[in-house]
Amino acid sequence: MKFIDEAKIEVVAGRGGNGAVSFRREKFVPRGGPDGGDGGRGGSVFAVADENVNTLVEYRFVKRYQAKNGEKGHGSDRYGAGADDIELKMPVGTVIRDTDTDEIVADLTHHGQRVCLARGGKGGLGNIHFKSSVNRAPKQSTPGEEGEARSLQLELKVLADVGLLGMPNAGKSTLIRAVSAARPKVADYPFTTLHPNLGVVRLDENHSFVMADIPGLIEGAAEGAGLGHRFLKHLARTGLLLHVVDLAPFDEAANPAAEALAIVDELRRYDEALYQKPRWLVLNKFDMLPEDEQASRVAEFLSAIGWDYPEPDDRFGFDRDTPRVFRISALTHQGTQELVQTIQRYLEAEKARLAEEAAAEPPAASASATDTDVLKPE
């Protein structure tokens, strides 16, 4: 199935049914009085997050979703039937934005989350509600309310713990194949991935995390060059970025250090928050370097990009604050187990840290008289 991560749709809720004007007509019951019922509620449109849906392709072909109107009221105190609601199943991670106001209507972050996109109109009141001691035969009723209508922009941001970034042909697809069950296309000739891939990295029965591979970035991606800029948003929800670098590129004239710096610059220009995320270096295709040159090539590369971080010190617990460098071969799986095990430890340390911060936060204090007093002018 083609991966679609953006779509525009229109949702229209149903109109409420009109209230009825009716009077009771029965033998031996003179002046029976009003008995017109209310109109039914119009159908609403809801978005429901479904973990079994992973693309917005359905919303590329069907653009308009309209719920039915409520039924009008009837005599004999019979109310009109309400219309059925419409539920639109969307992938977890979908952000729904109102195109007219640019307001975020919903952010679907977990399976089963249900959000109203357009609320159906209320049914009108029948004349049964207007009787009084001075108006025994009311002929008033109210029409049903119009349902809401909205134009919406759907944007899917994949939910992953770890995101891969790098130039095309850096080996990101090969890496995600090596550590997970995901099977993106790889080959022995240069090409770029065309859509994001997700893979579950499972260390054992109780430990796993999700890794996302997006199309490679090129210089100028923040301004729209290449494909990668369209998918940078998928890295926004990740907790850790792995910057994959090709130390043995096909083109001998290529400069891995210059390409790595270009990627970092594109990240900063696209989104400062994304640039500030924890980012580790993964030096790939290590097996293609002569053994006697490996240490010097790595040292030259780190010096060229200005990497002056110390080696992490894990003697007294996991050092989560120091960026790390890994030397791997995704093709031969060299170093990949050390990489995924360190990622798992980092994610567990982050989870523990967030839990501690949440526990340390004082409970929200209720408003007191001093909080709500207004200063009076002297």
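## A walk through strands, a helix and a pocket

Start by selecting strand S2 together with strand S4 (residues 86–91): 6 bridges join this pair, and the two strands run parallel. What you have open is a predicted model, in which local features need pLDDT of at least 70 and side-chain atom pairs count only at pLDDT 80 or more, while totals for chains, interfaces and linings use all residues. Residues are numbered from 1 along each chain as its sequence is written, and side-chain values use heavy atoms, with hydrogens and water left out.

A quick note on vocabulary. Helices (H or I, at least four residues) and strands (E, at least two) are DSSP runs numbered from the N terminus, and two strands pair if DSSP finds at least two bridges between them.

**Stop 1: the sheet around S2**

Within the S2–S4 pair, click Phe-46 and look across to Glu-87 in S4, which stands opposite. Now add strand S7 (residues 114–118), which runs antiparallel to S2 and is joined to S2 by 4 bridges. Two places to check are Ala-47, opposite Val-115 in S7, and Val-48, opposite Arg-114 in S7.

Zoom out, and you have an open sheet of 3 strands in the order S4-S2-S7, with mixed pairing. S4 and S7 are the edges, each with a single partner strand, so one side of each has no neighbour in the sheet. Ignoring direction, neighbouring strands here are turned by 30° against each other on average; the axes are lines fitted to C-alpha atoms (for helices over the stretch in contact), and angles run from 0 to 180 degrees between N-to-C directions.

Is S2 itself, residues 45–50, enclosed or open? 6 of its 6 residues are buried, so S2 is largely enclosed by the rest of the structure. Buried means under 20% relative accessible area, exposed over 50%, and partly exposed in between (1.4 Å probe, protein chains only). In a regular strand the side chains alternate between the two faces of the sheet. Colour Val-45, Ala-47 and Ala-49 for one side of S2, then Phe-46, Val-48 and Asp-50 for the other: both faces are covered.

**Stop 2: the five-stranded sheet**

Next, pick out the open sheet of 5 strands, ordered S3-S1-S8-S5-S6, again with mixed pairing. Strand S3 (64–66) and strand S6 (104–107) are its edge strands, each pairing on one side only. From one strand to the next, the twist averages 25°. At the S6 end, strand S5 (residues 94–98) pairs with S6 in the antiparallel sense over 3 bridges; find Arg-97 and you'll see Ile-104 of S6 opposite.

**Stop 3: helix H2 and its cover**

Select helix H2 (residues 172–179). Of its 8 residues 6 are buried, so the rest of the structure largely encloses H2. The buried ones are Lys-172, Ser-173, Leu-175, Ile-176, Ala-178 and Val-179. The cover over them includes strands S9 (162–165), S10 (197–204), S11 (207–213) and S12 (240–246), plus helix H6 (336–360).

Stay with those covering strands for a moment. S10 and S11 make a hairpin with 2 residues between them, and 7 bridges join these antiparallel strands. S9 pairs with S11 in the parallel sense over 3 bridges. A handy residue to centre on is Met-211 in S11: Gly-199 has Met-211 as its bridge partner, and Val-162 stands opposite Met-211 too.

**Stop 4: the second largest pocket**

Switch on a surface. The second largest pocket holds about 490 Å³ of space. On a 1 Å grid over the protein atoms alone, a cavity is a set of points where a 1.4 Å probe fits but cannot get out, and a pocket is an open set with protein on both sides within 12 Å along at least five of seven lines; lining residues have an atom within 4 Å of a point. Grid points are joined across faces, edges and corners, and the volume is the space filled by probe spheres set on the points.

Which of the 21 lining residues are closest to the centre of the second largest pocket? Show Tyr-275, Arg-279, Trp-307, Tyr-309 and Pro-323. Helix H3 (256–270) and strand S13 (279–284) are the elements giving two or more residues to this lining. By class, the lining has 12 nonpolar, 4 polar and 5 charged residues, where Ala, Val, Leu, Ile, Met, Phe, Trp, Tyr, Cys and Pro count as nonpolar, Asp, Glu, Lys and Arg as charged, and the others, Gly among them, as polar.

**Stop 5: Gln-334**

Finish in the loop between strand S14 (325–327) and H6, where you'll find Gln-334. Its relative accessibility is 36%, so Gln-334 counts as partly exposed. Leaving aside neighbours within four places in sequence, Gln-334 is in contact (heavy atoms within 4.5 Å) with Phe-286, Asp-287, Arg-327, Ile-328 and Ser-329. Draw one last distance, to Asn-284: 50 residues apart along the chain, the C-alpha atoms of Gln-334 and Asn-284 are separated by 9.5 Å.
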